[in-house]
Structure formats: structure tokens, C-alpha cells
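Me: I am new to this structure and would like a close look at one part of it, namely the loop that holds serine and glutamate side chains in contact with each other, set against the chain as a whole. Please go slowly and say how each residue is placed.

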Amino acid sequence: MHTFTYDALPGRIVFGAGTARHALSDEINALGAQRLLLVASESEIGLARELCVPFADRIAAEFTGIRPHVPVEVAESAREAAAGADLVLCVGGGSTTGTAKAVALTTGLPIVAVPTTYAGSEVTSVWGMTEGTRKTTGTDRRVLPRTVVYDSDLTLTLPAALSVASGLNAMAHCVEAFWAPRRNPVSSAVAEDGIRHLAAGLPTVAADPADSAARAELLLGAYLAGSAFAVAGSGLHHKICHVLGGAFDLPHAQTHAIVLPHVLAFNAAHAPDAAQRIAAALGQPDPAAALHELGTKLGVPAGLRELGLNEDDIDTVLADILALAPTDNPRAVTADGLRTMVHAAWAGTDPARWTA
Ligand code: NAD
């Protein structure tokens with residue numbers, strides 16, 4: 001029997017190639033905005049200005065001081081730039097969306113987001129900020145964009161390596177949504193379809209970043225991934241990556257891509273419905289092997305050792321991971337089980353072999 005409580009998130013989505021050029025103006029008008037703060041990084045501000053030509057007279061200020069993980073001083077400067085504005089329009093990746101969210105968090109200004117990567121932040125009410133090396137995150141409905149304009153044309157310039165990294169992060173959101181703490185039948189259905197679109201788009205975009213159809217496929221998968229993550233939250237996989245990344249300064253996206261098949265292999269027998277649905281979405285009988293193979297095809301290193309992690313390092317973080325491991329993970333997380341899994345991810349063992 002299904003029993004669940006679901007706080008569905010509101011938000012208007014406009015999706016399609018060319019929408020940022022053709023529909024953004026109507027979306028801004030629909031919200032009655034007269035004085036906009038335009039938020040975009042130095043690299044994306046040219047594109048952002050171009051998209052704003054039909055309503056350029058309503059851009060009251062620009063903020064371009066984007067930095068990864070939204071340092072608090074960046075948030076403060078962006079909030080100052082927002083003085084007198086009635087809407088924040090952000091054009092860019094997760095760092096840019098995160099900066100707009102920092103403004104909305106304290107000002108309550110509505111956001112219109114035009115994402116240019118596959119991060120998915122634009123459909124979540126999660127904000128994040130950093131002070132020195134300490135990252136703080138929280139959830140607040142005020143930071144959830146009112147409208148998201150997804151235009152796959154804007155992702156054509158995202159280089160293949162960044163596209164793969166960003167797309168595999170989205171894949172991790174989908175897979176983990178099957179056992180994350182606030183999952184429900186809706187988030188699982190969304191995650192399953194997200195996997196299908198991501199798996200269809202990733203290899204083609206990696207081989208040909210200019211393929212428009214594959215870009216649209218990948219962006220749709222990223223939207224679904226963000227939506228599933230927004231509802232279900234994160235689970236064991238994200239805790240492992242968070243601890244490993246923080247302790248050893250490992251590259252975020254590659255760490256996710258390497259660890260994910262192993263967490264899936266760890267949980268699969270204890271979450272047979274999830275395993276079967278992930279396998280169906282990937283079109284292969286063994287979901288962990290399929291993800292491992294997809295990563296290899298996309299040029300992801302096989303094991304964490306190739307990222308510079310030492311074998312001895314594993315034992316030094318097990319206690320930290322165990323302390324964060326969700327108690328409702330499908331399979332009970334023991335020190336021995338965790339060590340075996342992380343070791344396999346370190347060595348790059350085929351997930352079908354260490355779980356056999
Ligand atoms: P990013 O925004 O830092 O962008 C990465 C790089 O790609 C930047 O140099 C940017 O200029 C460039 N770029 C962006 N779009 C481009 C395009 N179309 N063409 C060419 N270059 C382009 O990285 P990201 O992966 O999008 O976002 C990561 C951040 O988002 C992290 O801080 C992460 O914590 C956050 N995030 C937050 C949530 C949430 O729900 N709050 C969810 C996912 C990610």
C-alpha cells in the first residue's frame with residue numbers, strides 16, 4: 001500500500017529550443033515586473049543582455065560577480081545591487097541561480113531563471129552559501145524561481161566535458177531519488193523518466209555537443225532530475241560524495257559519477273522495485289553495470305584512485321560517512337558494508353563483480 005505526504009512545489013516551466021529568445025519577454029510581462037536585476041556571470045552577461053533586448057529599458061541593474069558556491073560577500077553585493085528591483089532574472093549555471101536565490105532569500109523578490117547547465121537548482125527551494133570553507137544550505141520557498149525558461153539552444157556552448165559532468169550529476173539526483181528520505185510515487189516516476197532522457201542524451205552530446213535534439217533530451221532530463229531531487233532530497237550517495245569531496249578535495253562531478261554505480265549495487269537487492277525501474281530506464285538488465293558502463297563510455301575514470309585518493313584514506317572517513325548515513329537507506333549501512341563499497345569505488349571494480 002502507498003502512504004505518503006507530498007508538498008508539491010509550484011512553479012511555471014517554459015521549455016523548448018528558442019524559448020529564451022521568444023518567450024522570456026512575455027514571462028517577464030506576466031509577472032508585471034518593471035525594474036529587473038539581471039544576474040549573470042562575466043562569461044554569460046553578453047548572452048543575457050541579448051536575451052533582454054525586448055525589455056532592455058526595464059533592466060535596472062546588473063550583477064556579474066558570480067563565484068562558485070555563493071560566498072557570503074557575493075550574496076551581500078548582489079543584495080545591494082537588488083535595491084529598488086522588483087524581480088531577479090538570472091541567466092547561467094547553478095552558481096548564478098544560487099546567487100539569485102541568495103537575493104530572494106532576504107528580499108523575497110521573485111526569480112525568473114534561465115538555466116544554461118544541467119544543475120537543476122532552478123526547480124528546488126534549496127539555497128547554499130559559503131563562508132570561508134564552510135558551506136551552509138537551507139530550504140526556503142522564497143528562493144524557488146517563479147518561472148523557469150529552459151532553452152536548449154543556450155546549452156549548445158557548454159563544452160562536452162562540462163556537459164558530461166553536469167549531466168551525470170543530474171543522473172545521481174534521479175537514481176538517489178528512489179531511496180532519498182522524502183521520496184514518493186510522483187518523485188520516483190519523475191526520476192525514472194529523468195534517467196531515460198539523460199541516458200538518451202548524454203552519449204550523443206559527449207560525441208557532438210552541437211546536436212540540438214540531444215541537447216533538448218539532456219535538458220529535459222536535467223529538469224526532471226532537479227524536480228525529483230527537489231521533492232525526494234538526497235541520500236547515502238550524496239553523503240558519501242560530500243564527505244569524500246570535503247576531506248580530500250576531489251572533483252565533485254567525477255566523484256559522483258564514479259561512486260553512483262556502487263551505491264546502486266549496494267542497495268539494489270534491498271530496493272528491487274527501484275533497481276528494476278532504473279534498469280528499465282537504462283534499457284539494460286543490471287542497472288549498476290549499465291551506469292558503470294555509461295560512465296566509462298563518457299570518459300569518467302573507473303576508480304577514485306585515479307582522482308588521487310589513497311587506499312589508506314578510505315578508513316579515515318568511514319566514521320564520518322556512517323554518522324551521516326540515512327537510517328532508512330534500503331540496506332542497513334554497516335562499517336564493513338560501507339568499506340567494501342567505497343573500496344570497490346576506489347579500485348574501479350565492476351559493480352557486478354563485488355556484489356556477486
Ligand atoms: P556553474 O554555474 O559554476 O557553471 C560552471 C561553468 O560553466 C562556469 O564557468 C560557467 O560560466 C560555465 N557555463 C555555464 N553555462 C554555460 C554555457 N551554456 N556555455 C558555456 N559555458 C557555460 O556550475 P553548475 O554545475 O551549473 O552549478 C554548480 C553549483 O550549483 C554548485 O554550487 C552546486 O552546489 C549548485 N547546485 C545547487 C542546487 C540547489 O538545489 N540549490 C542543485 C544543483 C546544484
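Reply: Two residues are said to be in contact when heavy atoms of theirs lie within 4.5 Å. With that meaning in hand, and keeping in mind that the model is a predicted one, the chain can be described before the loop: among the contacts between residues at least 6 apart in sequence, 75% join residues that are at least 24 apart.

The chain as a whole comes first. Its secondary structure consists of 15 helices and eight strands. The radius of gyration is 20 Å, close to the 21 Å that the globule rule gives for 356 residues, so the chain is as compact as a globular protein of that length. Taken along the principal axes, the box filled by the C-alpha atoms is roughly 65 × 45 × 40 Å. Of the 356 residues, 55% are buried, while the area that the chain exposes comes to about 14,800 Å², with carbon and sulfur atoms supplying 52% of it. As for charge, there are 24 positive and 36 negative side chains, and the centres of these two sets lie 4 Å apart.

Now to the part you asked about, the loop between β2, which covers residues 36–39, and α3, which covers residues 45–51; serine 41 lies in this loop, and glutamate 44 has its place there as well. Serine 41 has a relative accessibility of 12%, and because buried means under 20% relative accessible area, serine 41 counts as buried. Glutamate 44 has a relative accessible area of 24%, so it falls in the class called partly exposed. The side chains of serine 41 and glutamate 44 are joined by a polar contact of 2.6 Å, and this contact therefore links a residue that counts as buried to one that is partly exposed.

The surroundings of the loop reach into other stretches of the sequence. When residues up to four places away in sequence are not counted, serine 41 touches Thr64, Ile66 and Thr96. Threonine 96 can also be placed relative to glutamate 44, since the C-alpha atoms of these two residues are separated by 9.6 Å although their positions lie 52 residues apart along the chain as the separation is counted.

A second polar contact between side chains can be set beside the one in the loop. Glutamate 27 lies in helix α2, which covers residues 24–30, and it is buried, with a relative accessible area of 6%. Its side chain and that of arginine 12 are joined by a polar contact of 2.7 Å, and the C-alpha atoms of glutamate 27 and arginine 12, which are 15 residues apart along the chain, are separated by 9.4 Å. Leaving aside neighbours within four places in sequence, glutamate 27 is in contact with Arg12, Val14, Thr147 and Val149.

Two other loops hold residues whose backbone deserves a look. Most residues other than glycine have a negative phi. Histidine 69, in the loop between β3 (59–63) and α4 (72–81), has a positive phi near 60°, and with 48% relative accessibility this histidine counts as partly exposed. Aspartate 249, in the loop between α9 (236–248) and α10 (252–268), has a positive phi near 55°, and aspartate 249 is exposed, with a relative accessible area of 70%.

Finally, helix α12 and the loop before it give a view of separations across the chain. Threonine 296 has its place in helix α12, residues 287–297, where its side chain reaches the backbone oxygen of histidine 292 at 2.8 Å; the C-alpha atoms of threonine 296 and threonine 139, 157 residues apart along the chain, are separated by 35 Å. Aspartate 286 is found in the loop between α11 (272–282) and α12, and at 29% relative accessibility it counts as partly exposed. The C-alpha atoms of aspartate 286 and glycine 108, which are 178 residues apart along the chain, are separated by 46 Å.

Terms used
Residues are numbered from 1 along each chain as its sequence is written. This is a predicted model: local features need pLDDT of at least 70, side-chain atom pairs count only at pLDDT 80 or more; totals for chains, interfaces and linings use all residues. Side-chain values use heavy atoms; hydrogens and water are left out. Helices (H or I, at least four residues) and strands (E, at least two) are DSSP runs, numbered from the N terminus. The radius of gyration is taken over C-alpha atoms; the globule rule is 2.2 Å times the number of residues to the power 0.38. Buried means under 20% relative accessible area, exposed over 50%, partly exposed in between (1.4 Å probe, protein chains only). Accessible areas come from the Shrake-Rupley method with a 1.4 Å probe; for residues, only the protein chains shown count as cover. Lys and Arg count as positive and Asp and Glu as negative; His and the chain ends are not counted. The place of a charge is taken as NZ of Lys, CZ of Arg, CG of Asp or CD of Glu. A polar contact is a pair of N or O atoms within 3.5 Å; within protein, one must be able to donate a hydrogen and the other to accept it, and residues adjacent in sequence count only if both atoms are side-chain atoms.
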